[in-house]
Amino acid sequence: MTFVKKYSFKKQGLRVALIGAVSFLFSNVSFAADRVVGANASLEVEPGARSAALGSAALAIDGDYLGLTSNPYQLANVNYGWASLSHTEYYEGTQYDYASAVVPLGKGQGIGVAFARFGADDIPYIKDGEPLPSGNLYNTLSIADWMFSVSFGKKLFDRLDLGVSFHGIYRDMDQSGFGFRSDVALRYNVVDELYVSGMLKGWTSSAAVWASGEFEYTSPEIYLAASYALPVPYLYGKLGMYWQSAGLFHQESRAMGFDDDDRGGRVWESPLDWLAGGHGGVEFAFDFGLTLRAGLSSFTTFQSVTAGAGLTIAKFLKVDYAFESHPTLSPVHRVSVSLSPYLFAKKPRAGTPEAENAARKLKVLTEEATESEPEVSEEIPEIVPEKIEGAPAETEVPAQELVEDSQPAAVEPASKGVVVETDDEVLE
């Protein structure tokens, strides 16, 4: 055992004491730290169908509470409790199941929790030294990443939102392990419906510790994003555009390949290459609840096209679907559902997206009703006096008398038995 001498904080300082404590804790552990790409890759998978259909530009998208692992600042704008579920079928029976719940903590802040499992079951295997089994009598095993996330969002100012999230992973594979990552994100409302966002992913580093004692980590990374929405009254809806950049600091795959030659440089080394590594999409949301989406998960190839649709039912139930293509692998289909019991019983609160959609729809209907109403002239038509038969040529009936004569006689209810004089008969 390594002996650590006791130092005086006053003489040697806090720094030396911390170094000694760390040395003592890890003196009996064979410790190896390796820097890798994607230490906790399961956290990079986009669970929400809406974000996936928009090219996985989750950092730019507000109101998709299945994207808490990529976008915690949106909790600053949550005004109702939402529960969301998603399911994705990958290759060879691999599945990704995700569930999240968000709750407002008052005006301008909210909290969210999420659980996920990414893995495969019934994988056949043969132990070392055992003969091949006959038929289908293989031993089977399961491998999976179990993930848990806690996120918090708060509105710092009228135009600035802050989000912080913490993620933990438990791995059950050929050996067990643990992983963690922490993120922080900001969004700023530039003007009207134009927003810019930034995220520091893994500010504590993204690290994984295995039962063998191996330690892997991925350095922090910064991402940028932008979104813009434009009302389109003539089509009864709203057009939204979303973009998310590649990482600023480190090399990432700019083309969807697997060789080192396909990796581009940092933003200051090749700005065009960095822009090509981004992804994004567009969506059009109709006022009656239907939304159509399309995007690219990589701007380097059209073989990475994504598409999807969403349907909002009675404002409290949202169903989304996403189709994701890949240059080399099979397409992926993703389905997600979000439910808000509170919206089922209450009207949308003022200032929320639900209330804005309802107000916009009411405004369009009011404008249409106003345009369809006939214009009523307030001018009284000029009445030309007519000559009375038998009267002198110079004599004319004043216009005022003609107006009075043209007014219909007041008709009283028949129950009073009043006889009304008409032109056909005069009662003496």
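This passage describes the fold, cores, salt bridges and strand pairing of a predicted model.

The model is predicted, so local features need pLDDT of at least 70, side-chain atom pairs count only at pLDDT 80 or more, and totals for chains, interfaces and linings use all residues. Residues are numbered from 1 along each chain as its sequence is written, and side-chain values use heavy atoms, with hydrogens and water left out.

The secondary structure comes to seven helices and 17 strands. Helices (H or I, at least four residues) and strands (E, at least two) are DSSP runs, numbered from the N terminus. The protein has 428 residues, and buried residues make up 34% of them. Buried means under 20% relative accessible area, exposed over 50%, and partly exposed in between (1.4 Å probe, protein chains only). About 26,400 Å² is exposed by the protein, and carbon and sulfur atoms supply 60% of this area. Accessible areas come from the Shrake-Rupley method with a 1.4 Å probe; for residues, only the protein chains shown count as cover. Among contacts (heavy atoms within 4.5 Å) with a separation of 6 or more, 52% join residues 24 or more positions apart.

The largest nonpolar core has 19 residues. A nonpolar core is a set of buried Ala, Val, Leu, Ile, Met, Phe, Trp, Tyr and Cys residues joined through side-chain atoms within 4.5 Å. The residues with the most contacts inside this core are Tyr90, Tyr96, Tyr98, Val102, Phe118 and Met147. Two elements, β3 (95-104) and β4 (109-125), give two or more residues to the core. Phe118 illustrates the surroundings of one core residue. With neighbours within four places in sequence left aside, Phe118 is in contact with Ser42, Val45, Tyr90, Thr94, Gln95, Tyr96, Ile143, Ala144, Asp145 and Met147. Another core, of eleven residues, lies apart from the largest one. Its members include Leu54, Ile61, Met199 and Tyr242.

The structure holds 13 salt bridges. A salt bridge is a side-chain nitrogen of Lys or Arg within 4 Å of a carboxyl oxygen of Asp or Glu. One of them joins Asp183 to Arg181, with the closest N and O atoms 2.8 Å apart. Asp183 and Arg181 are both buried. These two residues also belong to a network of salt bridges that links Glu44, Arg181, Asp183 and Lys201.

Another salt bridge joins the side chains of Lys238 and Glu193, at 3.7 Å from N to O. Lys238 lies in strand β12 (residues 237-244) and Glu193 in the loop between β7 (176-191) and β8 (194-201), so the pair ties together parts 45 residues apart in sequence. Glu193 counts as partly exposed, at 28% relative accessibility. A further salt bridge brings together the side chains of Arg293 and Glu283, at 2.8 Å from N to O. Arg293 is in strand β14 (residues 290-296) and Glu283 is in strand β13 (residues 279-286), ten residues apart. Arg293 is buried at 9% relative accessibility. Glu283 is likewise buried, with a relative accessible area of 9%.

Strand β17 (residues 332-339) pairs with two strands described here. Two strands pair if DSSP finds at least two bridges between them. Strand β2 (residues 82-89) and β17 are antiparallel and share seven bridges. In this pairing, Ser86 stands opposite Ser336. Strand β16 (residues 317-324) also runs antiparallel to β17, and eight bridges join them. Here Val319 stands opposite Val337. The two faces of β17 are covered and uncovered. Val332, Arg334, Ser336 and Ser338 form the covered face. His333, Val335, Val337 and Leu339 form the uncovered face.

Two loop residues other than glycine have positive phi values. Ser56 has phi near 65°. Ser56 is placed in the loop between α3 (49-53) and β2, and counts as partly exposed at 21% relative accessibility. Asp192 has phi near 50°. Asp192 sits in the loop between β7 and β8, and is exposed, with a relative accessible area of 62%.

Ser227 is placed in strand β11 (residues 221-232). Ser227 is buried, at 9% relative accessibility. Beyond neighbours within four places in sequence, Ser227 is in contact with Ala60, Glu193, Leu194, Tyr195, Met241 and Tyr242. Of these, Glu193 also takes part in the salt bridge with Lys238, and Tyr242 belongs to the core of eleven residues.
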